[in-house]
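I opened this model to look up how its parts pack. My notes are below the view.

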Amino acid sequence: MYPDDLLADGGSDPIGLSGRRSRIFEQLRINLNHHPATETVAVRPTRDQKDRKLVAHFDTQILVDGLVDAAEAKLEINWWTHPAGIDDQFKFHYIEPSGYDCGWHRQPHPEESNIPFDHFQQRASPESDYQYQGVDFLEDTPVGLLWEVTQTRLPRIIRARYDPETEF
């Protein structure tokens with residue numbers, strides 16, 4: 001397979017970043033570098049080594065006005081392109097070393113049909129079960145979704161987590 005080849009279904013190779021998926025990753029990487037709390041952004045292999053993801057490490061003294069009570073925090077992003085007429089799938093997943101993690105996903109959960117395709121999920125620790133709720137995304141482009149998550153949705157979750165007295 002050549003780097004810019006499309007798969008038979010019109011999507012791109014999930015392991016190698018090519019074509020439209022590569023351009024989306026590059027747009028997201030560039031925009032993440034403009035977020036004031038971003039320290040680094042890099043493309044990394046997924047845990048199972050079968051795919052790639054963007055990983056942004058945040059300065060927790062800057063992220064949401066320094067509310068994060070953790071030495072580090074990161075946002076992992078993945079984006080899977082699909083042929084025209086089929087929504088791309090993605091996830092924007094926030095992780096703290098305490099084990100807390102949450103994310104905004106557009107992807108199916110075949111093992112649990114009651115989880116909405118577009119959803120938010122969070123858990124307090126790796127030993128906890130995820131809690132899911134449906135979500136309506138306001139943006140529909142990769143960059144628009146990145147800013148929707150990093151400027152609106154993630155700060156609300158962090159404020160609710162660390163400063164529950166904050167009113168929205």
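These entries cover a helix pair, the nonpolar core and one loop residue.

**Entry 1: the helix pair.** I am working with a predicted model. I looked first at helix 1 (residues 19-33) and helix 2 (residues 142-162). Their axes come within 9 Å and cross at roughly 35°. The crossing is right-handed. On the helix 1 side I listed I24, Q27, L28, N31 and L32 as the contact residues. Helix 2 answers with P142, V143, L146 and W147. I sorted this contact by class: seven residues are nonpolar, two are polar and none is charged.

**Entry 2: the core.** Next I pulled up the largest nonpolar core, which has 32 residues. The members touching the most others are L32, L63, L75, I77, F92, Y94 and W104. Helix 1, strand 2, strand 3, strand 4 (89-95), strand 5 (101-106) and helix 2 each supply at least two residues. Helix 2 gives the largest share, six residues. I then followed L63. Beyond its neighbours within four places in sequence, L63 contacts H35, A37, F58, V68, A73, Y94 and I158.

**Entry 3: V68.** That list led me to V68, in the loop between strand 2 (52-58) and strand 3 (73-80). Is V68 buried or exposed? Its relative accessibility is 4%, so V68 counts as buried, the cut-off being under 20%. Outside four places in sequence, V68 contacts T60, L63, Y94, E96, I158 and Y162. I also checked V68 against P155, 87 residues apart along the chain. Their C-alpha atoms are separated by 9.9 Å.

Definitions and conventions: Residues are numbered from 1 along each chain as its sequence is written. This is a predicted model: local features need pLDDT of at least 70, side-chain atom pairs count only at pLDDT 80 or more; totals for chains, interfaces and linings use all residues. Side-chain values use heavy atoms; hydrogens and water are left out. Axes are lines fitted to C-alpha atoms, for helices over the stretch in contact, and angles run from 0 to 180 degrees between N-to-C directions. Helices (H or I, at least four residues) and strands (E, at least two) are DSSP runs, numbered from the N terminus. A crossing is left-handed if the near helix is turned anticlockwise from the far one by less than a right angle, and right-handed if clockwise. Contact means heavy atoms within 4.5 Å. Ala, Val, Leu, Ile, Met, Phe, Trp, Tyr, Cys and Pro count as nonpolar, Asp, Glu, Lys and Arg as charged, and the others, Gly among them, as polar. Buried means under 20% relative accessible area, exposed over 50%, partly exposed in between (1.4 Å probe, protein chains only). A nonpolar core is a set of buried Ala, Val, Leu, Ile, Met, Phe, Trp, Tyr and Cys residues joined through side-chain atoms within 4.5 Å.
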